[in-house]
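Student: Please take a close look at the interior of this structure, beginning with a single buried residue. I should like its setting described first, and then whatever else helps to place it in context.

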Amino acid sequence: MSAQMPALRSEENPPLYRDVRFLRWAGQIAVLVVVIGAVYWLYGNVVTNLRSSGLPTGFDFLDRRFGAAIPGIEDSANFSVTRAFGAGYLNTVRVILVGIPACTILGIFIGIARLSQNAAVRTFGMLYVELFRNIPVLLWIFIGYFVLGLGNLPGIVDEVTPLNAFVVSNRGIGIPWFNPSSSVGTFVAFVGLAMVVAVLVSAYRGRVNAKTGEPARGGLYATIAFLAVLVIGHFAAGNALSLDAPVIQGRLIAGGLTMDIPYAFLTAALVLYTASHVAEIVRGAIQSIHKGQGEAANAIALSTFQRYRFVILPQAFRVMIPPLANQYLNITKNSSLAVAVSYVEITAIFGRIVNNATPAVQGLVVLMALYLSFSLSISAVANFINRRLALETR
Amino acid sequence: MTQTTEPVSRPTGPEDQPVAPDAPSLDIHSARDLLRGNLFKDPKNSILTLVFGTILVYAVYKTFGFVFLNEKVAQDGTVRSGWEVVRQPLVTYMVGTRFSATGIPFSYLWAGIYAVSLALGLTAGAGARKVRDAPAVPLRTTLGILLPPVLGAAAILSMTQTITPTLLTIAIAVPFVIGRELATRLPMGVVQRTALISGALVLLSFLLITGFEPSNVNQFGGLLLTVTVAFTAIVLCFPIGVVLALTRRSNFPLLRPIAVIYIELIRGVPLITLLFMGEFAIRFFFPPGAAVPGSIPRAIIMCTLFSAAYVAEIVRGGLQSVPTGQVEAGQAVGLSPLTITRKIVLPQALRTSIPALVGQSISLLKDTTLLVIIGLFDVLGVTRAILANTAFVNQNFTPETYAFVGFLFWIICFSMSRASQRLETRLGVGTR
């Protein structure tokens, strides 16, 4: 179907009905007409059906009052639907921003554990992967939320505060967080400054290395410089880095950072489940690196850490990126399962408006567009990194 | 613990260094070797062993207690096993709450299973006959594939009240063996049409379990619903996926964008939005006054459309792995493009894709749990009905219920992925 037959040099053209060039285009146009006709017909049906059931056919519903509560946000019932979707979007982002780094780190550790020489570590890795990836993620969310979350967590009146730094209750899980009273703006500026200083120091050490040949240790020096500037920022911005422990005040958790139960268990379940897939990707990528690379690292007496850090992982990383990006897309899409545990992100927002005589078709269009925005941006970033890595090496 | 502690500074030869990127290749001859060789080789390993060994032992201890010493005390003081929540409503887990309303006898369901078993037997026998130089299957591999599903089935059957289900389950092997033997004895002309015969058997199986009235599917629930939705969607999405993949790989400038847009659009959104679409929006797409199918057929349609995009990408990968020389060879002998695709490219591409297709089937099976969100009573959904039952409500039977459902999924998915790994070696994917 792909390549054409070699053209026969005959005196006259073949008749139209046997001319490949004509048939190709005629066939394509015929199929295209059918597809466009079908889409047009479906669109016509939607418009007719919406009109006959008295539903609007446009996107005016986005300006209407949302009329439902979003936990943790005051006055959300008076939001417009657009603003509610915005709040839901932020909630989805909260899951992704924590979920993607966490599942990557955990997945890398489990993946390496599966390759360990130590039988106990290896067995642990294997059990983890086989347990988590063969059971649906929704079931893990249910187990987390309904069994561990609602079933076993102490009530807030029980005042379970381990180390006096955490609050564990069925109203939410409080962890120590940065002092909210400090001037955040000043501190963020110092963080930016610290990054710049770290980059400069690292570049300077690289120059020293090139000139004198002494080890650059760019990472070490940069980290020290970064921390030094950060500490200055800490004092300049009014103890910005000091942690504020959560305390129980009546029936609420004050101070620190409070995660509500659905969020905590949804994110935990997504991370644990996705990490099992990431672990398999990491393992496959490491195993795909030629054995000679590890042996060469051994031959120049690198430690286990150095072997992974400088020889194996950089190469494995290149193999990992496309499937890893796929897992990031999956965790993003799976965040929609929050709808099962009443964590209000975009899918749950849709679930709430669709009951309010809002046209489901248009609502779904908005919902899908929002998810596509996530998917396309993650794909774009992954493609960019993939290209960069491929270019630098070949 | 650290009997073999050695000075860390001892110069280590290369043979002492673990070769990380390789699979663990220690040749373990005895428990003594195991202990000295890797568990307690040096202080670092000893600590690792202690930490992870403790985790493992604790997990095994907890699991043992949960499975075998699980007793619940009711408010009136009666003690009963926590697994009563599985034993009593076992049939509900399997077929849901409304299945009896259809009046389909259970014998039809078993007949449906046997038909599928016969189809599998025929396919396996025909496959063995076509691949003449296939190496003999070692007993260990066969056991490795058979053991998980057999043990899983045994665990589930231990919950039954009578012996009948056990006997009927064991009998599943009979049609399989018959089918395999038939495939080795029938004339080659028939064997070459195994796919057709198996397809007919699967269709017969579907008709049997729906009692020859497909609309009965609306009364399905439990594992029956989960498997029906996943299986039907996989079967239906396959041709769509192949057509999409071929279109995406083709040089039809007018049609390729359609395939690309469809695939990327579907892969960019979560399944739950598509299921919502089936639940809330699909009725608007039907012409006014047309009969809209029930919730479950709509869910099957959406799962099919969803899965087709993923299958298309898998098949596209398979198509890309077929060397261009194959197409050129076909052109050299004067085959038409259609024949080249059908007889040369697709068979090779599909063979390469089989493991990934099995993976997609597993993933779709797991995804069918989302049906609970649109209010259907799949195997996860029936737990709500069971836990709301007066016999179990508010007595903290949730862990056992979810553990059982998780066990069901685990056994099915684990067995399938093991079998697919085996298939992968058998087909020699990635070794040619």
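Tutor: A helix is here a DSSP run of H or I with at least four residues, a strand is a run of E with at least two, and both are numbered from the N terminus. The model under discussion is predicted. Within it, Ile340(B) belongs to helix H16 of chain B, which covers residues 337-367. Its relative accessible area is 2%, and the limit for a buried residue is under 20%, so Ile340(B) counts as buried. Once neighbours within four places in sequence are set aside, the contacts of Ile340(B) are Val327(B), Gly330(B), Gln331(B), Leu335(B) and Val345(B). Ile314(B), by comparison, is separated from Ile340(B) by 26 residues in sequence and by 20 Å in space, taken from C-alpha to C-alpha.

A second buried position in chain B is Thr226(B), with a relative accessibility of 1%. This threonine is part of helix H11, residues 222-249 of chain B. Beyond its neighbours within four places in sequence, Thr226(B) touches Leu365(B), Thr368(B), Asp378(B), Val379(B) and Phe409(B).

The interior may also be examined for empty space. Rolling a probe the size of a water molecule over the atoms reveals where such space remains. Over the whole structure, the search returns one cavity of 30 Å³ or more. The volume of the largest cavity is about 40 Å³. Its lining consists of Leu122(B), Ala126(B), Ala183(B), Leu186(B), Val190(B), Val191(B), Thr194(B) and Ile197(B). By class, this lining holds seven nonpolar residues, one polar residue and no charged residue. At least two lining residues come from each of three helices of chain B: H5 (106-130), H9 (188-191) and H10 (194-209).

Chain A offers a sheet for consideration. Three strands form an open sheet in the order S1-S2-S7, and their pairing is antiparallel. Strands S1 (167-169) and S7 (257-259) of chain A are the edge strands; each has a single partner strand, and therefore one side of each has no neighbour in the sheet. On average, neighbouring strands of this sheet are turned by 15 degrees against each other, direction ignored. In general, the strands of a sheet pair through backbone hydrogen bonds, in either a parallel or an antiparallel manner. Here, S1(A) pairs with strand S2 of chain A, residues 172-175, over three bridges in the antiparallel sense. Opposite Val168(A) stands Ile173(A), a residue of S2(A).

Technical notes: Residues numbered from 1 in each chain as written. Chains lettered and ligands numbered in written order. Predicted model: local features only at pLDDT ≥ 70, side-chain atom pairs only at ≥ 80, totals over all residues. Heavy atoms only, no water. Pairing = 2+ DSSP bridges. Axes fitted to C-alpha atoms, helices over the stretch in contact; angles between N-to-C directions. Buried < 20%, exposed > 50% of the residue type's maximum accessible area, 1.4 Å probe, protein only. Contact = heavy atoms within 4.5 Å. 1 Å grid on protein atoms, 1.4 Å probe; cavity = no way out; pocket = protein on both sides within 12 Å on 5 of 7 lines; lining within 4 Å. Points joined across faces, edges and corners; volume = space filled by probe spheres on them. Nonpolar A, V, L, I, M, F, W, Y, C, P; charged D, E, K, R; others polar.
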